[in-house]
Amino acid sequence: MSTYAQQTAENVTLPTSLDEAVAALAAMPSAVPVAGGTDLMVSVNAGLLRPAALVGLGRIAEIRGWQYADGAALLGAGLTHARMGRPDFAALIPALAAAARSAGPPQIRNAGTLGGNIVSAAPTGDALPVLAALEASVILAGPEADREIPVSHLLTGMDPLRPGELLAFVRIPLLHAPQTFLKATGRTGPGRAVASVALVVDPARRQVRCAVGAVAQVPLRPLEAEQWVAGLIDWDGERTLAPEACTAFGEYVAAACIPDQPGVELPPAAVQLRRTVAALSRRALGRALA
Amino acid sequence: MSVIDGPGAVAESLAGGGTPHGIGSSLPSADAPAKTQGTYPYAADLWAEGLLWAAVLRSPYPHARIVRIDTAEAAAMPGVRAVVTHEDVPGDAMHGRRVADRPVFAKDMVRHHGEPIAAVAADHPDTARLAAAAILVEYEVLEPVTDPEKAFAAEPLHPDGNLIRHIPLRFGDPDAVGEVIVEGLYRVGRQDPAPIGAEAGLAVPRPDGGVELYVASTDPHADRDIAAACFGLEADHVKVVVTGVPGALGDREDSGIQLPLGLLALRTGCPVKFVATREESFLGHAHRHPTLLRYRHHADAEGRLVKVEAQILLDAGAYADASSDALAAAVAFAAGPYVVPHVFVEGWAVRTNNPPSGHVRGEGALQVCTAYEGQMDKLAAKLGLEPAEIRMRNVLATGDLLPTGQTVTCPAPVGELLKAVRDADLPPLPDGDDESQWLLPGGTSGAGEPGAVRRGVGYALGMVHVLGAEGTDEVSTATVRVHDGRATVICAAVETGQGFTTLARQIVQEVLGVEDVRVLPSDTDQPPAGPAARGRHTWVSGGAVERAAKMVRTQLLQPLAAKFGMSVELLTIADGKITSYDGVLSTTVAETLDGKELWATAQCRPHPTDRLDDTGQGDAFVGLTFCAIRAVVDVDIELGAVRVVELAVAQDVGRVLNPRQLAARIEAGVTQGVGLALMEDLRAPRGVVKRPSLTGYALPTALDAPDVRIVKLVEERDVVAPFGAKAVSAVPVVTAPAAVASAVRAATGRPVSRLPIRPQAAIVKPQT
């Protein structure tokens, strides 16, 4: 008996609207949604993943752009990294644009999407610390109703995607203040982050928010360090900091993200990572307040 | 990018009228259009009616005893046509390039992660993979030997013992002592050749009981002989047909794929195809030897070398492969292209349960270059000399002795090369007002901070031998045929992308004056040409083509010369026309041929060499090539990120045969060297390969690759080599990593004794 036909049987749906996509997922709960496929299809090609069916999201026009809503930007989950890296988007959310530009070689950036970056939730996902620092929320389209949850709840698994739900939009507050994204890789060319730091200044709430990516399973927010540094800034004045304050902030963030283990000396790799995070955080704060 | 093709070269080729041809021209590769259009056939593109797909079951453990193999369940799966294990090898169960120590399929022991245990043929690749996974293997997991220093005392991993070869080199007076002594310990990681196309092949059974293997072999005759011995067939019943080679930096093909393919085709009577996953490719083929080097250099107060003492330990993995050759090169070149009166080296290649090591461009010579150049930097620092100056005071030249007692008879313009790179202009600092547009270490994402970046300049001199060493019978055979005003070259030398076929066309154009030259694809029905390695084909196959072409030329011109009563030497051929020196005779090649075909076959066999004796002495090498590189790097001293800004290369090439191809070879070699210096290291903690993928194993991209500036090509002809040309590919690979390390030392003041350079080794800790 030949197994050829059996192995090549594929079930691919290509909906053109969110409603159709949600319906397709509801009709076939074992189907896997795929957007850019830069992670998923690698696993499929390597034989590690064998989805019973695929729902391709590439033809849903409504999630491939963005719109404004109440002082926030509503980004479609199908926005590619290449699109987010362009100057018009960079004027809107500079840190996310910087993360998108560093997210890989052009071929990956042309295919990979914002939604894919969130749903695959790789520790090294470049957009994730930016979304955490911006306190973004995600809008999930489901068979019963849409719901909106903070991105951190999704990433940490506090409130995971439910069966049949699709990540449709990402809501990001527009801050109109400096924001930075810095990433350390082992090389000059595109590579996975060893550590990354996203830092945003929020003058309306008089906050500095910072998230560190790639050092843990999810982006980490050093809340105490954020509050400490926000207290140093003269919000009604120049909004600058002394270099010593930036250095102290870097150390503070690094120690919070790579904490000391009681009674154990940090292994050299952790010391090195801490140094990297400290340098990135210091530089990020320095540039945001320059 | 390279600066060798100046406007002058372009103007020259245009002035020559039409397409470039002959020796010294930048004739483009005949394959280039097909390769750029994606129509060039590689092994993975082959198809045969009714073919089956193969999958190989590999060991998940680096060291284990096989208690039981049960293939019943896999064989019973629908779609599966054959399952083969060690019990199904009809011929020799063991094979190997130099020593037959590697089993076709592991029988009672597995000695490295990824060692083949069984293979399956099925009607679909996924079925084959699932069936391979369904083979039941019961292992008794053993403690792996992964530290080569512990291999000496460990339980033998193989009946032959753990020591593959030991070379103690003794040269000069062991009691000599210098006024200044520096010591160092150096480590070089495991570079993977990472060819752009993973291993693939198609095996087609023949009606006469034989089998044809369509594989990207770089040494088809050796592969055929191994395959025939394992299949229990006469050599003439196995034919290896070379397909397009998607990148080769050593012994490209993994016998762990060719042999199962052939066995499955013979067993099923059907064509069988196999395409390796990237993971299998990383596990299966040979890697560069991870090496541990301990050095002590003695010099006098003026910085002249007095004595070099070294201990070199190569991690060969579980099987011998080419480790003996790598060790010979490492020991012989342990002191580098410098004059040293007293040299004492202990070199060992040992078995471990780490991934297999073998021939990868510049093996042995590369690892020692990293170490002896590190030592030269240390000596310079200790004596307060410029790094370039201390090297200049010690350079080797023609007529000097190598530590093996061999006299350097070929051109060795080491001082001239060093002077060329030292005196070349330095690259400009980044400029422009917008600092965010500067390409800083760490890349385009903007993490780099101009204030934390230090620039460093470093030097390295490298040397490597051409052709196989120590008595290897280096021979190649080529046939040239002229017909209808065209010429055809038949030679089993494999075009791996190194440009041999282009060179063969240029040689025939030069000798016969025929424009239209084709080179036939290689297979084992042709006479052997040997492996595509160590610059062999430029020398031996190029030499054979030249001789055959000259024989055809004589056949063509002799009747004419006799008719006109002049010697053949007085006739010239150019652009398909034959003319005599005085212009009296003028005819065309086609007219002279008059419909006849002329054939000639010739061999090229350079002078023989000796094996290194038990004190490491002997005339082991046919030829040597040298290279000087000046590296300029930017280092972010807080993050430890390194960007190689520019590598200035001066190389001893003998004669430039094809300028553009030569520049491409140097750029490719340098880039591979930069990869080893900064990122390429296949990690295998406790013998298990970690992240065998192109995401986990970083290769240089366009942003990582530096500007390569070829500042000088020294054309001093090597009188024993055809055209006086030297092979050019290996020596830039050998030299570049040491140059980068030297520049990072200059930028940071850190010792940098380990490659690839990890970020923590390039950080300058703040003074507190």
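**Exercise 1. The surroundings of V740(B)**

Task: Find which residues V740(B) is in contact with, leaving aside its neighbours within four places in sequence, and place this residue in a nonpolar core.

Solution. Leaving aside neighbours within four places in sequence, V740(B) is in contact with A631(B), V633(B), V644(B), L647(B), V674(B), A677(B), L678(B) and I757(B), where contact means heavy atoms within 4.5 Å. The structure is a predicted model, in which local features need pLDDT of at least 70 and side-chain atom pairs count only at pLDDT 80 or more, while totals for chains, interfaces and linings use all residues. Residues are numbered from 1 along each chain as its sequence is written, chains are lettered from A and ligands numbered from 1 in the order in which they are written, and side-chain values use heavy atoms, with hydrogens and water left out.

The next step is the core itself, a nonpolar core being a set of buried Ala, Val, Leu, Ile, Met, Phe, Trp, Tyr and Cys residues joined through side-chain atoms within 4.5 Å. Buried here means under 20% relative accessible area, exposed means over 50%, and partly exposed lies in between, computed with a 1.4 Å probe on protein chains only. The largest nonpolar core has 114 residues, and those with the most contacts inside it are Y295(B), V740(B) and I757(B). Helix 17 of chain B, residues 730–748, gives the most to this core, with 12 residues; helices (H or I, at least four residues) and strands (E, at least two) are DSSP runs, numbered from the N terminus. A second, separate core has 50 residues, including C491(B), I507(B), A561(B) and L585(B). In soluble globular proteins, nonpolar side chains tend to be buried together.

**Exercise 2. Where chain A touches chain B**

Task: Describe the side of chain A that touches chain B, by element and by class of residue.

Solution. Begin with the extent: 29 residues of chain A are in contact with 36 residues of chain B. The buried area, which is the accessible area (1.4 Å probe) that two parts lose on being put together, summed over both, is about 2,600 Å², and carbon and sulfur atoms give 47% of it. On the side of chain A, R187(A), T188(A) and R283(A) lose the most area to chain B, together 29% of what that side buries.

Next, count the pairs. There are six salt bridges between the two chains, a salt bridge being a side-chain nitrogen of Lys or Arg within 4 Å of a carboxyl oxygen of Asp or Glu. In one such pair, the side chains of R283(A) and D636(B) meet at 2.7 Å, N to O.

Then assign the residues to elements: helix 1 (4–8), strand 9 (179–184) and helix 13 (268–288) of chain A each give two or more residues to the side that touches chain B. Helix 13 of chain A supplies the largest share, eight residues. By class, this side of chain A has nine nonpolar, 12 polar and eight charged residues, where Ala, Val, Leu, Ile, Met, Phe, Trp, Tyr, Cys and Pro count as nonpolar, Asp, Glu, Lys and Arg as charged, and the others, Gly among them, as polar.

**Exercise 3. Two salt bridges in chain B**

Task: For the pairs R455(B) with D634(B) and R98(B) with D325(B), state where the partners lie and whether they are buried or exposed.

Solution. The closest N and O atoms of R455(B) and D634(B) are 2.8 Å apart. R455(B) is in strand 18 (residues 453–466) and D634(B) in strand 26 (residues 623–636) of chain B, so that the pair links parts 179 residues apart. R455(B) counts as partly exposed at 26% relative accessibility, whereas D634(B), at 3%, counts as buried.

In the other pair, the closest N and O atoms of R98(B) and D325(B) are 3.5 Å apart. R98(B) lies in the loop between strand 4 (94–95) and strand 5 (102–103) of chain B and D325(B) in helix 9 (residues 323–332) of chain B, so the pair ties together parts that are 227 residues apart in sequence. R98(B) is partly exposed at 36%, and D325(B) is partly exposed at 26%.

**Exercise 4. Helix 9 of chain A and the residue after it**

Task: Explain why helix 9 of chain A is described as largely enclosed, and say what follows this helix.

Solution. Eight of the eight residues of helix 9 (residues 127–134) of chain A are buried, so this helix is largely enclosed by the rest of the structure. Among the buried residues are L128(A), V130(A) and L134(A). The helix is followed by E135(A), whose phi is positive, near 55°. E135(A) is also linked with D202(A), R205(A), R209(A), R221(A) and E226(A) in a network of salt bridges.
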